[in-house]
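Work through these short exercises with the model open. Try each task before reading its solution.

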Amino acid sequence: ELLTKSFEEYEIAFKNIIGFASDGASTMMGKSNSVASRFIEQCPGINIFKCLCHSLHLCASNACKKLPRSCEDLARNIYGEFSAKRQHLFQKFQTFFEIDVHKIFRPAQTRWLSLKAVVSRIIEQWPALELYFREQMLTSRLKSIEKITQALNNPLIKFLYLFLDFIYKFTELNELFQSSSVVV
């Protein structure tokens, strides 16, 4: 009713409506008594689409749910080991590998899709992180350092980080689709 009133208020005729896109909630896209089903009644021939952005997000979220916990643990453990003193020491390794001197980001307590910057930064810094933590193993016998070193030297973990970085292309694609200007 509110949608119909809005169309009337703005003088939009139902005959001019050619498409409707929304998330996949049953109230929006259900077979009966939904916004989509009512559009179909009012606008024969209308094109109904589930929101592409929402669909892409669901695909990426489900893919990330299959990742082992060790991926997230690595991000949190790496950040946890960097005090101001250690960050300064790490800069030497970044310089050695001719990698931009950047800080390691702190992972938030949210889903993987919100960790784009964390994943990209770890991949960017991977060679420096590997060498830094190998060196730390020689001077420190902390179990946390050993776990990080093992994870950084595990090709499967690196592959999963590269996969995550690829999955984040969905995020970029969503941003593109949500642009307020024309993008060709």
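**Exercise 1.** In which helix is glutamine 94 found? Then decide whether glutamine 94 counts as buried or exposed, and list its contacts.

*Solution.* The model is predicted. Start with the location: glutamine 94 lies in helix 6, residues 84-96. Next, check accessibility. Buried means under 20% relative accessible area. Glutamine 94 has 0% relative accessibility, so it counts as buried. Last, set aside neighbours within four places in sequence. Glutamine 94 then contacts Ile99, Asp100, Val101, His102, Gln125 and Ala128.

**Exercise 2.** Which residues of helix 4 are buried, and where do they fall around the axis of helix 4?

*Solution.* Take the length first. Helix 4 covers residues 52-65, 14 residues in total. From first C-alpha to last, helix 4 reaches 20 Å, close to the 20 Å expected. Now pick out the buried residues: Cys53, Leu56, Ala60, Ser61 and Cys64. Viewed down the axis of helix 4, they fall within an arc of 135°, so they line one face of the helix. Their cover includes helix 9 (155-167) and helix 10 (169-177).

**Exercise 3.** What is the relative direction of helix 4 and helix 10, and which residues make the contact?

*Solution.* Begin with the geometry. The two axes come within 9 Å and cross at roughly 170°. Angles over 145 degrees count as roughly antiparallel. Helix 4 and helix 10 are therefore roughly antiparallel. Helix 4 contributes Leu52, Cys53, Leu56, His57 and Ala60 to the contact. Helix 10 contributes Phe170, Leu173, Asn174 and Phe177. Finally, sort these contact residues by type: 7 are nonpolar, 2 polar and none charged.

Notes:
Residues numbered from 1 in each chain as written. Predicted model: local features only at pLDDT ≥ 70, side-chain atom pairs only at ≥ 80, totals over all residues. Heavy atoms only, no water. Helix = DSSP H or I, 4+ residues; strand = E, 2+ residues; numbered from the N terminus. Expected span 1.5 Å × (residues − 1). Buried < 20%, exposed > 50% of the residue type's maximum accessible area, 1.4 Å probe, protein only. Arc of directions from axis to C-beta. Contact = heavy atoms within 4.5 Å. Axes fitted to C-alpha atoms, helices over the stretch in contact; angles between N-to-C directions. Parallel < 35°, antiparallel > 145°, perpendicular 65-115°, else oblique. Nonpolar A, V, L, I, M, F, W, Y, C, P; charged D, E, K, R; others polar.
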